Amino acid sequence: MVKSWSVLSILVALAAVLFTFFPSLRSALPFLGPQEISEEQRRIEALASAQNYTYTTVLDDPPLIYIDDFLSAAEIDEILNVSSPLFVPSQVYSPDDTAPKHRTSSSCLLPAENPLASVVSARALQFLANIANTGPPHAPRMSEPLSYYGLEKIQLVKYLPSEYYHHHMDWFDTLIRDDLPGKGEAGRGRGRYYNRVASFFIYLQDDCRGGETEFPDLDFAVVSAAEQDRLKSEEFWNQRIDFSNKPNKHETTEDKSASGISFKPRKGSGVFWVNLLPIGYGDERVRHAGLPVEQGQKVGMNIWVKRDFGW
């Protein structure tokens with residue numbers, strides 16, 4: 001008995017040392033129970049949940065959600081102030097240097113050391129948990145729960161007059177190696193291969209004409225939304241979706257439909273959608289574009305959700 005207890009004590013001590021120097025190991029072993037949350041993390045989670053945002057399902061397949069008031073005015077002011085000197089011309093890889101530019105915006109990363117980066121990331125993860133635990137009509141009818149393990153660094157993007165981002169996908173043709181450093185949850189994916197399973201696009205500045213976010217291959221009908229108990233007024237949809245350039249298929253506004261969906265810039269609000277099919281392939285239906293800004297300036301925030309495909 002003495003020997004067996006000695007062996008057990010050694011194993012416990014060894015585990016304690018491993019978890020001290022490699023905290024991400026604990027999150028990889030769920031049978032050990034939840035990790036202890038630090039006071040700083042509790043503060044971040046509280047700030048993240050303090051924002052009273054709401055969301056409305058636009059489509060079930062592919063899952064597409066409109067989020068109202070995801071960011072507060074004070075948070076937006078701070079983010080714009082911090083990021084203002086950091087913007088550089090946006091890059092898109094193209095094997096043909098002579099091809100027309102696919103993107104003419106400028107972009108930057110929200111500095112990870114800024115407290116708001118942690119708060120916004122925590123809020124995005126809380127949102128993902130909410131939609132998983134909420135059934136229709138508030139959340140989409142998804143055939144399988146969304147599989148994810150973390151977020152990329154938050155990107156900010158700015159569009160001046162005549163600037164745009166042509167139709168594109170957020171998911172990658174090949175998997176990306178996750179070398180993001182960090183401890184605990186932040187470092188869980190280190191060395192894994194992932195793809196962008198879902199995207200958030202939140203508007204920080206909307207003092208512009210044009211600049212809609214367009215999904216040309218998706219259809220939306222107000223009457224269909226009402227039939228699925230998503231009881232929103234005509235005014236609600238008109239404030240968020242631009243129907244002006246769509247064919248007028250019906251006489252009544254209630255039956256108004258869009259061949260393609262264009263979301264208007266609305267400060268603090270935005271859209272969330274799923275990029276990958278449940279089997280892991282990219283969903284070509286979520287091709288989208290940042291339409292040209294005609295006047296003024298648009299600033300948005302990209303938050304990309306990572307799905308693990310192993311080492």
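## Exercises: salt bridges and a helix pair

At 56% relative accessibility, Asp61 counts as exposed (over 50%; buried is under 20%, partly exposed in between; 1.4 Å probe, protein chains only). This is a predicted model: local features need pLDDT of at least 70, side-chain atom pairs count at pLDDT 80 or more, and totals for chains, interfaces and linings use all residues. Numbering runs from 1 along each chain as its sequence is written, and side-chain values use heavy atoms, without hydrogens and water.

**Exercise 1.** Find the salt-bridge partner of Asp61 and place both residues.

*Solution.*
1. A salt bridge puts a side-chain nitrogen of Lys or Arg within 4 Å of a carboxyl oxygen of Asp or Glu.
2. Arg285 fits: its closest N and O atoms with Asp61 are 2.9 Å apart.
3. Arg285 sits in the loop between strand E13 (270-274) and strand E14 (288-290), Asp61 in the loop between E1 and E2, 224 residues apart. Strands are DSSP runs of at least two residues (E), helices of at least four (H or I), numbered from the N terminus.
4. Arg285 is partly exposed, at 30%.
5. Asp283 joins Asp61 and Arg285 in a salt-bridge network.

**Exercise 2.** Are Asp68 and Arg240 buried or exposed?

*Solution.*
1. The two form a salt bridge, with closest N and O atoms 2.9 Å apart.
2. Asp68 lies in strand E2 and Arg240 in helix H7 (residues 234-240), 172 residues apart.
3. Asp68 is buried, at 5% relative accessibility.
4. Arg240 is buried too, at 7%.

**Exercise 3.** Place the salt bridge between Arg141 and Asp60.

*Solution.*
1. Their closest N and O atoms are 3.0 Å apart.
2. Arg141 is in the loop between H5 and strand E5 (150-151), Asp60 in the loop between strand E1 (54-59) and strand E2 (64-68), so the pair ties together parts 81 residues apart in sequence.
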